[in-house]
Structures are given as C-alpha cells and as structure tokens.
Amino acid sequence: MAGQRILFWPCNKQGAPMASHYKNIVILTGAGISAESGISTFRDSNGLWENHDVMEVASPQGFSANPSLVYRFYNERKKQLQSIEVKPNLAHEALVELQSKLPGNVTIVTQNVDDLHERSGSRDVIHMHGELLKSRCLKTEQIFKTLGDIDELSICECCQTPGNLRPHIVWFGEIPMFMNQIESLLHEADLFLSIGTSGQVYPASMFVQIAKLGNECKTVEVNVEETAVSWNFDEKVQGPAGETVPVIVENILKGHF
Ligand code: OAD
C-alpha cells in the first residue's frame, strides 16, 4: 500500500506476533467509505450532489426558499439508501470485525447520513451530521425513525400538527451533533483513522489536529487521493476503502500497524 511504512513487526518473546496495543481507536468516516456501496460522494461531482447545488438542498436557507425541493431530495436519497443495490461494503464489514475483535474501544464518528455502518453490524456509531432515516420536529426537537417520505403535510407524532417535520440532517451553517463527546474521544485516542473524507468541511477537518493534542496518537488517512488535510497525518494509505480498510484492520488486529 502506497504511503504505508511498516518498519518491523513486533513479536513477543516466543516469536509470535503481538496483539494490538491500541486502547482507544477513533475512526472518522466520510462519503468515500460509502462510494463503493453505490452512494455518491459530495465533491467528486463538482460540488453537485445528485445533480443539485449542495446549498439548495442542504442549508436552512434552501429549506426556507423551497421546502418541497428539499423534502423531495431527501425522500429520493432515502429511497436510494433502502434500494436493493445499496449495501455495506468490505470497508464497513472490516470495521465491524475491528470493533468485535479488538479488546479496546473502537468508536466510529461518521459524517455520513446513511445507515451502512449500522446495517453491517457496527455499534458505537456517532452520526455528527444526522441520519437520513430519521426526521425531527421543528418545535419539540423530538427525533423519529422515518423510513418513508415526509413533506409539508406530514404530521409529527409529538404535536400532531402538519408542517413541523424536517429531515434529521445537519445542514450547512448548523452545528454538528455530539461535538463534546467527539472531542473527549479524540483527546483519549491512541489511533485516529480518517477514511474517505475530503477534509473540506469544518469541524471534522480539524479532528486530526485535536487527536494529535492527546496522548501520542497515531494518525492515518485512507483515501483514493491527496486531500486538503493529508499533510496533517502521520501516515497515508492510498486506495479504495473496500480494498485498503480490510488490510489495515487485519494488521491492527495482528499488532502490525
Ligand atoms: P466529500 O465528497 O467531500 O469527499 C469524499 C472523499 O472520499 C474524497 O476525498 C474522495 O477522494 C474520497 N473517496 C472517493 N471514493 C473513495 C473510495 N472508494 N475509498 C476511499 N476514499 C474515497 O465527502 P465528505 O468529506 O464526507 O455534510 O464530506 C463532508 C461533508 O460535506 C458531508 O458530511 C456533507 C457535505 O456537505 C453535510 O451534509 C452536513
């Protein structure tokens, strides 16, 4: 793998490979991890998301200007996510294996609004940008699992009033969720992996720097190309997540990473 430098494989006195020494791994995932599952990334198509200007469909201003368009857009994304073609890929599955086999903590912080980490079996997934299959009441902030369409006439379970439900998505200009929890996790992390994110959106783009403030945290970026924040990482692994992440997980579990 390009960019990955393994100088030696640590062994115990009997010569057997050592198990991983990591106690707190934090994994940041972005649209790139779901690309091989058939979900478009944001910036690989010139700032258009499924042929829409991102600001039209992912900002409070866009929602006020044209709510029908925004509802339709997310209804379509939900249908796509639940279609038979979209399913977790080898990268999602490898992270499940890491969570189940590593004796330490492995937390996934995802910018993705899809549910592919959960569908593959991951636990401890923090959705900092919200979730496509949920909606939220504008009045009470209550969150509901919503697999089907919503629109201006949808009635929320809490107020029983039409027009109060919006997609449970963090739009541009809104504050990402769970930031205090994420910051604490980053301070404790001894390995920070960033998979398939362009590093163009704050605050996720800063996570590598926060992780480095903590206790000798190793930072590794996995991407098909250089990103805006590549220079910040100790190591870079170049290649599609579906190929690279299973190898990285295998090496972590063997104590070779
Ligand atoms: P982007 O679309 O900005 O970046 C996707 C990254 O994935 C790019 O750096 C690609 O090179 C990389 N990539 C593509 N295919 C890959 C593959 N098979 N394996 C590994 N990497 C691959 O998506 P994000 O960085 O996730 O926010 O975008 C961050 C946020 O911007 C999103 O969560 C969204 C958007 O606005 C909100 O909706 C609030």
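Is aspartate 149 buried, exposed or partly exposed, and what is its relative accessibility? In this predicted model, aspartate 149 has a relative accessibility of 49% and so counts as partly exposed. A good way to get to know this residue is to look at its salt-bridge partner.

That partner is lysine 79: the two side chains meet in a salt bridge, with a distance of 3.7 Å from N to O. The pair links distant parts of the chain, since lysine 79 sits in helix H4 whereas aspartate 149 belongs to the loop between strand S7 (143-145) and strand S8 (165-169), 70 residues apart. Lysine 79 is itself partly exposed, at a relative accessible area of 46%.

Lysine 79 also forms a salt bridge with glutamate 76, and here the closest N and O atoms are 3.8 Å apart. Both of these residues lie in helix H4 (residues 67-81), where three residues, or about one turn of the helix, separate them. Glutamate 76 has a relative accessible area of 42%, which means that this residue, too, is partly exposed.

Helix H9 (residues 241-254) offers another example to look for, with lysine 254 and glutamate 250 placed four residues apart, about one turn of the helix. Between lysine 254 and glutamate 250 there is a salt bridge whose closest N and O atoms are 2.8 Å apart. Lysine 254 is partly exposed at 37% relative accessible area, and glutamate 250 is partly exposed at 43% relative accessibility. Returning to the earlier trio, Glu76, Lys79 and Asp149 are joined into one network by salt bridges that share partners. In total, the structure holds ten salt bridges.

Conventions. Residues are numbered from 1 along each chain as its sequence is written. This is a predicted model: local features need pLDDT of at least 70, side-chain atom pairs count only at pLDDT 80 or more; totals for chains, interfaces and linings use all residues. Side-chain values use heavy atoms; hydrogens and water are left out. A salt bridge is a side-chain nitrogen of Lys or Arg within 4 Å of a carboxyl oxygen of Asp or Glu. Helices (H or I, at least four residues) and strands (E, at least two) are DSSP runs, numbered from the N terminus. Buried means under 20% relative accessible area, exposed over 50%, partly exposed in between (1.4 Å probe, protein chains only).
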